[in-house]
Each structure stands twice: as C-alpha cells, then as structure tokens.
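Trainee: I'd like a close look at a single residue in this one, with a bit of the whole chain around it for context. Could you walk me through it?

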Amino acid sequence: MRQRFLFGLNIADVSRDELLEIIAGRLETGKPMHIVTVGALTLMECRNDPEYKKTLEKADLLVPDGMGVVCALRVLYWARVEKHSGADLAWDLFRLAVALGKSVYLFGSTEKNIKKAASAVEKAHSGIIIAGCRNGYFASGESAMVAVEIGTSRPAILLAGLGQPAQEKWIEK
C-alpha cells in the first residue's frame, strides 16, 4: 500500500478495491482496525489540536475524503489518488458485511435518525446483521458505559458518526 505524506499525516493511496480487500482481510482475522476519512477540515483541525493529530497518527489507516485532500495529493505526488468519502465507504462496508456474514453497529446522530438509518440499511442490504444502534448524544461521564454497551453487542464493524474530531478521539479511548 502506498502512503502519501500530507500535513504530517500518512494518507493511504489505495484504490477502492484495494481498500476493501484490506478491510476484508482484517475482518477475517477479527483484529480491530481504525479507519479515518481525512478531508481538508480534518487537516486544519490537526493544525489547531495536537492531541487530535496524535489520535490520527495512531489510526490504522487514513484515507482521503474530499477533493481538497485528493487534489493536494495529486499535485504533490503526481499520483492518481482516489477519494473515499465516509458515506460511500459506509455503503461498501454494508455490502462487505453481508458478503462475509459480519455484523454492523451504527453509532451517532439522534435516536430518531439512527433508527431510521438502521431501518434503511436493513432494507437496502438484505441479510445484513445490525448488532445495534445508538444515538451519539451522551455526557462525557457516560462514555465508558456507552463503550460497554457497544462492546457487548460484539459488532465486527462500528460506524461512528459523532463528527470530527469527537468520533476519532472517542474511538481511540
């Protein structure tokens, strides 16, 4: 896998097929993997928040999300870098979960919206196993309880939609 250095971060230069192959391999082994989609705002946040940058440096894989990042990498490296938006990646992960018989947990948004999302995913992906879903609103003191709640459902894939940088920091902990 090729890595491209941008604003102090190693961003993966992989095709969609390569990315899904990497993820499928990790799902088969059961070893956790933290993937972050990196857009221009993510990079700017890293400049203002050194703790956030350290969190991203610890992630297993950073992929470009947003044309600003893609264009910067293309100009700097003369490479045909692909964009991997979080939304597109989520749908790819749902298809992968069905193909591999793996479960998914949806985490974020409001209670009403996360339940609607879970229902939409079940309708769009016949046979998907939704291990659970939970809204993303909780007090900081409840973080450990939320982690236990999610962990108890033993999902193979956790999709966190808490917004950046909150979701990456929460996942790291």
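Mentor: Here is the chain as a whole, followed by one arginine, Arg134.

Keep in mind that this is a predicted model. The chain's secondary structure adds up to eight helices and seven strands. For 173 residues, the rule for a compact globule gives a radius of gyration near 16 Å, and the chain comes in at 16 Å, so the two agree. The C-alpha trace spans about 40 × 35 × 30 Å along its principal axes. Take the contacts between residues at least 6 apart in sequence: 69% of them join residues at least 24 apart. Buried residues account for 41% of the chain. As for the surface, about 9500 Å² is exposed, with carbon and sulfur atoms supplying 54% of that. On the charge side, there are 22 positive and 20 negative side chains, and the centres of those two sets sit 1 Å apart.

Now zoom in on Arg134, which belongs to strand β6, residues 129-134. Its relative accessibility is 11%, and since buried means under 20%, Arg134 counts as buried. So what does its side chain pair up with? The side chain of Arg134 makes a polar contact of 3.3 Å with the side chain of Glu149. Glu149 also turns up in the list of residues that Arg134 touches, once you leave out those up to four places away in sequence. Also on that list are Tyr105, Leu106, Phe107 and Gly108, then Ile114, and finally Met145 and Val146.

Key:
Residues are numbered from 1 along each chain as its sequence is written. This is a predicted model: local features need pLDDT of at least 70, side-chain atom pairs count only at pLDDT 80 or more; totals for chains, interfaces and linings use all residues. Side-chain values use heavy atoms; hydrogens and water are left out. Helices (H or I, at least four residues) and strands (E, at least two) are DSSP runs, numbered from the N terminus. The radius of gyration is taken over C-alpha atoms; the globule rule is 2.2 Å times the number of residues to the power 0.38. Buried means under 20% relative accessible area, exposed over 50%, partly exposed in between (1.4 Å probe, protein chains only). Contact means heavy atoms within 4.5 Å. Accessible areas come from the Shrake-Rupley method with a 1.4 Å probe; for residues, only the protein chains shown count as cover. Lys and Arg count as positive and Asp and Glu as negative; His and the chain ends are not counted. The place of a charge is taken as NZ of Lys, CZ of Arg, CG of Asp or CD of Glu. A polar contact is a pair of N or O atoms within 3.5 Å; within protein, one must be able to donate a hydrogen and the other to accept it, and residues adjacent in sequence count only if both atoms are side-chain atoms.
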